[in-house]
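Hi everyone, thanks for coming. I'd like to walk you through one model today, starting from a single contact and working outwards. Let me put it on the screen.

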Amino acid sequence: MTKRTVTAFKWVPPFAKGLVRDLRVRWALEEAGLPYDVRLISHEEKESPEYRALQPFAQVPVYIEDGVDLFESGAIVLNIAEQSETLLPKDPKARIKAISWMFAALNSVEGVVQQLATIDLFYPNEAWAKERRPEVVTMIERRLAAVADRLGDKDYLEGSFSAGDLLMATVLRILRHTDLVAGQPKLAAYLARCEARPAFQKALAGQLADLDEEAA
């Protein structure tokens, strides 16, 4: 039987709960119906030589499947998606479309979204951050409008749920401290639709339960 393990933090500050990137991997595994274990690590442990041998940037998640270790959430989700028609359709054209949206979520959208999260959550009172923020917001609004335009009236980006939607939804959730997604009603409904999926709900509950248990 294939053994799968995901690393996750024992503790994160309140604003990060439900956003740490092991959630993406848990969600993909739940969508694929693949059993897995979670290994909780401390922020001190992530800096150890042993952990850095698995994750050179001292981040989570690390994913181990039958002794093969992977890092970077996008790469891990792609690996899992290869094992699930829910996440990657068999049809070659639909498959490459889904993969394109995976890369779009992590490159075209998350890059600028993360800039705003860094400003708002870590440097809100810095003069440079206050000066930079309006320009970042404008860039995000343009990217969100482009995604909403492509989504149109479909339930998901290419009609059926895929790994591209999974990653896009986790990126949009980073903006939950703002009203930027709400400013695009189609995207807001899309995100709610993704978050309502039973696999997401189970993955989120698992992450929050692990964090709450360690904090107790």
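Let's start with Arg-197, which lies over the face of Phe-161, at 3.8 Å from the ring centre. For a charge to sit over a ring here, NZ of Lys or CZ of Arg has to be within 6 Å of the ring centre and within 35 degrees of the ring normal.

Before I go on, a word on what you are looking at. This is a predicted model, where local features need pLDDT of at least 70, side-chain atom pairs count only at pLDDT 80 or more, and totals for chains, interfaces and linings use all residues. Residues are numbered from 1 along each chain as its sequence is written, and side-chain values use heavy atoms, with hydrogens and water left out.

Back to Phe-161, then. Its ring also forms an aromatic pair with Trp-27: 5.9 Å centre to centre, 35 degrees between the planes, and tilted. The rule is that rings of Phe, Tyr and Trp (its six-membered ring) pair if their centres lie within 6.5 Å, with planes under 30 degrees apart called stacked, over 60 edge-to-face, and the rest tilted. Trp-27 lies in helix α1, whereas Phe-161 is in the loop between α5 (127-151) and α6 (163-172), so the pair ties together parts that are 134 residues apart in sequence. Helices, by the way, are DSSP runs (H or I, at least four residues), as are strands (E, at least two), numbered from the N terminus.

Are these two rings buried or exposed? Trp-27 is buried at 0% relative accessibility, and Phe-161 is buried too, at 8%. My cut-offs are under 20% relative accessible area for buried, over 50% for exposed, and partly exposed in between, using a 1.4 Å probe and protein chains only.

Which residues make up the aromatic cluster around them? Trp-27, Tyr-156, Phe-161, Tyr-190 and Phe-200 form one cluster. In total, the model has 7 aromatic pairs by this rule.

Now the helix that carries Trp-27. In α1, 11 of the 11 residues are buried, so this helix is largely enclosed by the rest of the structure. The buried set includes charged names such as Asp-22, Arg-24, Arg-26, Glu-30 and Glu-31. Right after α1 comes Gly-33, with a positive phi near 70 degrees.

Tyr-190, from the same cluster list, takes us to helix α7 (residues 185-195), where Leu-187, Tyr-190, Leu-191 and Cys-194 are buried. Seen down the axis of α7, those buried residues fall within an arc of 95 degrees, so they line one face of the helix. The arc is that of the directions from the helix axis to the C-beta atoms. As a reminder, an α-helix has 3.6 residues a turn, so residues three or four places apart point the same way.

On to the core. A nonpolar core here is a set of buried Ala, Val, Leu, Ile, Met, Phe, Trp, Tyr and Cys residues joined through side-chain atoms within 4.5 Å. There are 57 residues in the largest one, and Trp-27, Ile-80, Leu-87, Ile-140, Met-168, Leu-187 and Tyr-190 touch the most other members. Helices α1, α3 (73-81), α4, α5, α6, α7 and α8 each supply at least two residues of it. The largest share, 12 residues, comes from α4.

Finally, the charges. How many salt bridges are there? The count is 19, taking a side-chain nitrogen of Lys or Arg within 4 Å of a carboxyl oxygen of Asp or Glu. One of them joins Arg-21 and Glu-110, at 2.7 Å from N to O. Arg-21 sits in the loop between β1 (4-9) and α1 (22-32), and Glu-110 in helix α4 (residues 92-122), 89 residues apart. Arg-21 is partly exposed at 29%, while Glu-110 is buried at 9%. Arg-24 belongs to a salt-bridge network with both of them.

Another salt bridge brings Lys-202 to Glu-30, at 3.7 Å from N to O. This one links helix α8 (residues 198-215) to helix α1, across 172 residues. Lys-202 is exposed at 54%, whereas Glu-30 is buried at 18%. That's my tour, so over to you for questions!
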